[in-house]
Amino acid sequence: MCVNESIILLDIEGTITSINFVKEELFPYAAEVLEDYVKTHWNDDDFKEDLELLKKQAANDTSLEGFIPIADDGEDAKKSVIENVLWQMKNDRKTTALKQLQGHIWKYGYDCGNLVGHIYSDVPSVLSKLLDEGKKIYTYSSGSTDAQKYLFKYSCMGNISSLFTKYFDTKIGPKQIETSYTNIAKEIGVNCSDILFLTDVIEEAEAAVKAGCNAAILIRPGNLPQDPEKLLKFRTMKTLDPLVNDE
Ligand SMILES: [Mg+2]
């Protein structure tokens, strides 16, 4: 057995999913279909909730450069929502309002077959073997738990949702902060030392280690280069295979 910890905590983007899929397919898709989506879902309950959040966010954003206000009603309302959201996307805002709307747009994209979630081919078989060994698999991603669920349900490797016990997102805390990992351990009901965290970002691995977890770094094609000196402190791997194969 190559993993001593009972809990495997997985980052998604750059770890089990290609960064290029997220940057070149997922985010551009939300921007491309935004106008159609807003017009066709305007009266849907989900969209009404999204709109309320966007309006609340807009009330806080009025002093930001280039801010686009959301009109209350009438003909201009749809246009102003579209422009406000495009402005948020352009500025790479991480607001809950934007994330929730993007999550719903992606759900729509997956449902109608326009999107297929990317998962590296080594992932399902390794995770299945880890489950057979009695491990439990969790995720921790800056993408919302809903966005994570859809990615796994509609992945290029089929529906792999059953591999995961639970999904965490940044509601538990930011990924580069130690306490987020202690919060996750508490939530799962284990000690930090029971957790092996896998990520592509050194600062996230360092935060997890500070909390008392173990961590390893994935080096996938297209990942951002990491500080070579800091990398020396961690076990690195190109795929998840070393977790189940003796090397
Ligand atoms: Mg990542």
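**Note on charged residues in the predicted model**

1. Lysine 149 and aspartate 146 are separated by about one helical turn, because these residues stand three apart in helix H6 (residues 145–153). The structure is a predicted model, and the points below should be read accordingly. The side chains of lysine 149 and aspartate 146 meet in a salt bridge, with a distance of 3.9 Å from N to O. This value falls inside the cut-off, since a salt bridge requires a side-chain nitrogen of Lys or Arg within 4 Å of a carboxyl oxygen of Asp or Glu.

2. How accessible are the two partners in helix H6? Lysine 149 counts as partly exposed, at 37% relative accessibility. Aspartate 146 is likewise partly exposed, with a relative accessible area of 35%.

3. The side chains of glutamate 204 and lysine 175 also meet in a salt bridge, at 3.4 Å from N to O. Glutamate 204 belongs to helix H8 (residues 202–211), whereas lysine 175 is found in the loop between strand E3 (166–168) and helix H7 (178–188); the pair therefore ties together parts that are 29 residues apart in sequence. Both glutamate 204 and lysine 175 are buried. Salt bridges that share partners join Asp11, Lys175 and Glu204 into one network.

4. Helix H1 offers a further pair. Lysine 39 forms a salt bridge with glutamate 35, and the closest N and O atoms are 2.8 Å apart. Both residues lie in helix H1, four residues apart, which is about one turn of the helix. Lysine 39 has a relative accessible area of 44% and is therefore partly exposed. Glutamate 35 is placed in the partly exposed class because its relative accessibility is 42%.

5. How many salt bridges are there by this rule? The count comes to 11. Those described above are included in that count: lysine 149 with aspartate 146, glutamate 204 with lysine 175, and lysine 39 with glutamate 35.

6. Which residues gather in a patch of negative charge on the surface? They are Asp44, Asp45, Asp46 and Glu49. Aspartate 44 lies in the loop between helix H1 (19–41) and helix H2 (45–61). Aspartate 44 counts as partly exposed because its relative accessibility is 34%. That value also meets a requirement for patch members, since patches are made of residues with over 30% relative accessible area and no salt bridge.

Technical notes
Residues are numbered from 1 along each chain as its sequence is written. This is a predicted model: local features need pLDDT of at least 70, side-chain atom pairs count only at pLDDT 80 or more; totals for chains, interfaces and linings use all residues. Side-chain values use heavy atoms; hydrogens and water are left out. Patches are made of residues with over 30% relative accessible area and no salt bridge: like charges are joined within 9 Å, nonpolar side chains (Val, Leu, Ile, Met, Phe, Trp, Tyr) within 5 Å. Accessible areas come from the Shrake-Rupley method with a 1.4 Å probe; for residues, only the protein chains shown count as cover. Lys and Arg count as positive and Asp and Glu as negative; His and the chain ends are not counted. The place of a charge is taken as NZ of Lys, CZ of Arg, CG of Asp or CD of Glu. Helices (H or I, at least four residues) and strands (E, at least two) are DSSP runs, numbered from the N terminus. Buried means under 20% relative accessible area, exposed over 50%, partly exposed in between (1.4 Å probe, protein chains only).
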